[in-house]
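Student: Hi! Could we go through this structure together? I'd like to start with the overall picture and then get down to residues.

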Amino acid sequence: MKESGTPGYTLHTDYPYWKFLGLDPNHFITVFIAIDDADEESGSLAVYPYTHTMILPVNPKDEFDIDEEEFSKLGLVSIIPELKAGDVLAFHSLLAHKSGMNLSLHSRRVLLPTYVPTTFQSGKAYDKYYEWYIQCRKAMQDRPVGSLFK
């Protein structure tokens with residue numbers, strides 16, 4: 001949920017978050033499912049068409065983000081689709097995207113599942129993901145109360 005006043009996400013692609021699975025990025029798809037209307041005012045998604053076919057500059061301070069200064073030199077223009085509740089937007093895991101601050105007076109809810117074929121590598125992607133998830137849960141349990149977001 002993106003409550004009113006919540007900042008947006010920096011320019012990135014989704015694949016770096018899933019790279020640990022060892023799968024080709026062409027096998028991943030992210031789906032943006034609008035639970036509430038999503039538009040520019042509510043800080044919806046801004047996508048950069050065709051960037052999934054390009055090699056994009058990585059932010060030297062955060063390997064999960066795109067270097068926005070270098071990216072801006074490409075002169076690409078984003079599209080901010082206006083989605084109504086129930087609309088679905090699917091995109092490649094290498095497509096550059098970001099979101100803005102929610103400037104509206106209401107919260108905006110979305111679901112953001114990522115899909116990879118279940119038959120790929122005999123289902124090992126799920127096993128790897130589940131192993132990673134369990135490790136993260138254990139690491140969070142070992143942290144002192146109040147330190148989860150530090």
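Student: What share of the 150 residues in the chain is buried?
Tutor: Buried residues are 29% of them. Keep in mind as we go that this is a predicted model.

Student: Okay, and how confident is the prediction? What's the average pLDDT?
Tutor: The chain averages 89, and 91% of the residues score at least 70. The stretch to watch is 146–150, where the pLDDT is below 50. Beyond near neighbours in sequence, that stretch has two contacts in the model. Where pLDDT is low, the predicted coordinates should not be read in detail.

Student: Fair enough. How many helices and strands are there?
Tutor: You'll find three helices and eight strands. Starting at the N terminus, the order is α-β-β-β-β-α-β-β-β-β-α.

Student: And what are the dimensions of the C-alpha trace along its principal axes?
Tutor: About 40 × 40 × 35 Å. As for the surface, the chain exposes about 10,000 Å², with carbon and sulfur atoms supplying 57% of that.

Student: What about contacts: what part of those with a separation of 6 or more comes from residues 24 or more positions apart?
Tutor: Those account for 86%. W18 is a nice place to look at this topic. W18 belongs to helix α1, residues 15–18, and its C-alpha is 9.3 Å from that of T114, which is 96 residues away in sequence. Setting aside neighbours within four places in sequence, W18 is in contact with F28, T114 and Y129.

Student: Let's go inside. Which residues form the largest nonpolar core?
Tutor: There are eight: F32, A34, A38, L45, V47, L83, F91 and L95. Strands β1 (29–34) and β2 (45–47) each supply at least two residues of this core. In soluble globular proteins, nonpolar side chains tend to be buried together.

Student: What does F91 touch, not counting residues up to four places away in sequence?
Tutor: F91 touches D14, I29, T30, F32, L45 and H97.

Student: Where else should I look for a core?
Tutor: Another core lies apart from the one we just discussed. That second core has six residues, including Y48, I66, F71 and A96.

Student: Switching to charges. How many salt bridges does a search of the whole structure find?
Tutor: Three. One of them joins the side chains of D36 and R109, at 2.9 Å from N to O. D36 sits in the loop between β1 and β2, while R109 sits in the loop between β6 (97–99) and β7 (110–111), so this pair ties together parts that are 73 residues apart in sequence.

Student: Is D36 buried or exposed?
Tutor: D36 counts as buried because its relative accessibility is 17%, and the cut-off for buried is under 20%. Its partner R109 counts as partly exposed, at 39%.

Student: What about K84, which residue does it pair with in a salt bridge?
Tutor: K84 pairs with D37, and the closest N and O atoms are 3.9 Å apart. K84 is in the loop between α2 (68–72) and β5 (88–92) and D37 is in the loop between β1 and β2, so the bridge ties together parts 47 residues apart in sequence. K84 is exposed at 53% relative accessibility, whereas D37 is partly exposed at 37%.

Student: And which residue forms a salt bridge with E70?
Tutor: That would be K73, with the closest N and O atoms 3.0 Å apart. E70 is partly exposed at 35% relative accessibility, and K73 is exposed at 58%.

Student: Now the outside. Which residues form a nonpolar patch on the surface?
Tutor: F20, Y126, Y130, W132 and Y133 do, with about 520 Å² of accessible area together. Y126 is located in helix α3, residues 124–142, and counts as exposed because its relative accessibility is 54%.

Student: Last one: what's the phi of Y50?
Tutor: The phi of Y50 is near 70°, a positive value in a residue other than glycine. Most residues other than glycine have a negative phi. Y50 is in the loop between β2 and β3 (58–59), and Y50 is exposed, at 64% relative accessibility.

Definitions and conventions
Residues are numbered from 1 along each chain as its sequence is written. This is a predicted model: local features need pLDDT of at least 70, side-chain atom pairs count only at pLDDT 80 or more; totals for chains, interfaces and linings use all residues. Side-chain values use heavy atoms; hydrogens and water are left out. Patches are made of residues with over 30% relative accessible area and no salt bridge: like charges are joined within 9 Å, nonpolar side chains (Val, Leu, Ile, Met, Phe, Trp, Tyr) within 5 Å. Accessible areas come from the Shrake-Rupley method with a 1.4 Å probe; for residues, only the protein chains shown count as cover. A salt bridge is a side-chain nitrogen of Lys or Arg within 4 Å of a carboxyl oxygen of Asp or Glu. Helices (H or I, at least four residues) and strands (E, at least two) are DSSP runs, numbered from the N terminus. Buried means under 20% relative accessible area, exposed over 50%, partly exposed in between (1.4 Å probe, protein chains only). Contact means heavy atoms within 4.5 Å. A nonpolar core is a set of buried Ala, Val, Leu, Ile, Met, Phe, Trp, Tyr and Cys residues joined through side-chain atoms within 4.5 Å. pLDDT is the predictor's confidence in each residue, from 0 to 100.
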